[in-house]
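User: I'd like to go through the labels on this model and hear what backs each of them. Could you take them one at a time?

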Amino acid sequence: MEYLTLNNGIEMPKVGLGTFLIPKENITKVIGEAYDMGYRQFDTAWRYHDEREIAKALKANSISREDIFITTKVNADALYYFGYKYGKRSLFNIRSFRPVRKAIEESFEHLGTDYIDLFLVHWPWPIYRKMYKELTSLYYEGRIRAIGVCSCLPPHLEALKDVSDVIPAVNQFEISPLNTQKQLIKYCQERGICVEAMSTFSHFRSNEPRKEIIESEIIKPIAEKYGKSIPQIVLRWLIQQDIAIIPKTWAREHLEENISLFDFVLTTEEMTIIDSLDEGQFLNYNPYNAFKGLPNRYKNWEGFRK
């Protein structure tokens, strides 16, 4: 396994296993198989409702806590009586009395661990800065080794400086050949923020792969050249951009494919061919619409007018 060094010196595996929507009855087996294949990062979240199952899987497979890197995330759903709603349904956003810190600490309880390797704010909600401030406190207490965010754009990242002196170690956001996110990747990496790709092959609420990617006639010749699958080529394309990846699967064949990425290197021309597929379209929620929680001085960012 290769590693990326985060901006605070912590090492994070380049390849991890995403766990959202993996059937709970499969998690113990999948975690065990993945560990045996060399996976050392497991990505979860409060919102995935599988943290307890992951803790049980680690115990069942006799996996030492110190041997793995756990990423989890705090979600606004944990702070509202009926979950956090969007659009017209936001009228039903009724804040509970649960403190942000309590919502964060639930993940420690669910995972049965004294520390979290990487704790992320799951989305730039209006309260995302309050969440990040609490993560900062836990980081300085030594209970979290690194903190970061998901789907944050430049103004979201800049606004964090008002509440914390800790630069996010990671920004996890949607990246695929159809949404290459080159400018945001460049922005983060120039500031020492590690980029981690999510939802590369499917919608975050679905297990159905994007056929326009996994059956791409443009990527197919590259895959045939290296004797690899199209998803492997796409994952290698991400790795060569110094982007961490957390592809999700519970099929043994795909688990093996997703970690077998270090025995070939794409050429500059092949990287450019994949880049050319960019359409700039989000499959998941579009963070360019997430500006309600920003102070007014950040809402004038030109990108929000796209």
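User: What makes the sulfur of Cys188 too far for a bond?

Analyst: The closest cysteine sulfur, in Cys152, is 8.8 Å from that of Cys188, and a disulfide is a pair of cysteine sulfur atoms within 2.5 Å, so the pair doesn't qualify. This is a predicted model, where local features need pLDDT of at least 70, side-chain atom pairs count only at pLDDT 80 or more, and totals for chains, interfaces and linings use all residues. Residues are numbered from 1 along each chain as its sequence is written, and side-chain values use heavy atoms, leaving out hydrogens and water.

User: How many disulfides does the structure hold?

Analyst: Zero. Cys152 is in none either: its nearest cysteine sulfur, that of Cys150, is 7.8 Å away.

User: Why is Cys188 called buried?

Analyst: Buried means under 20% relative accessible area, exposed over 50%, partly exposed in between (1.4 Å probe, protein chains only). Cys188 has 0%, so it counts as buried. Cys152, at 1% relative accessibility, counts as buried too.

User: What makes the protein as compact as a globular protein of its length?

Analyst: Its radius of gyration is 19 Å, close to the 19 Å that the globule rule gives for 306 residues, so the description fits. The radius is taken over C-alpha atoms, and the rule is 2.2 Å times the number of residues to the power 0.38.

User: What share of the 306 residues is buried?

Analyst: Buried residues make up 57% of them.
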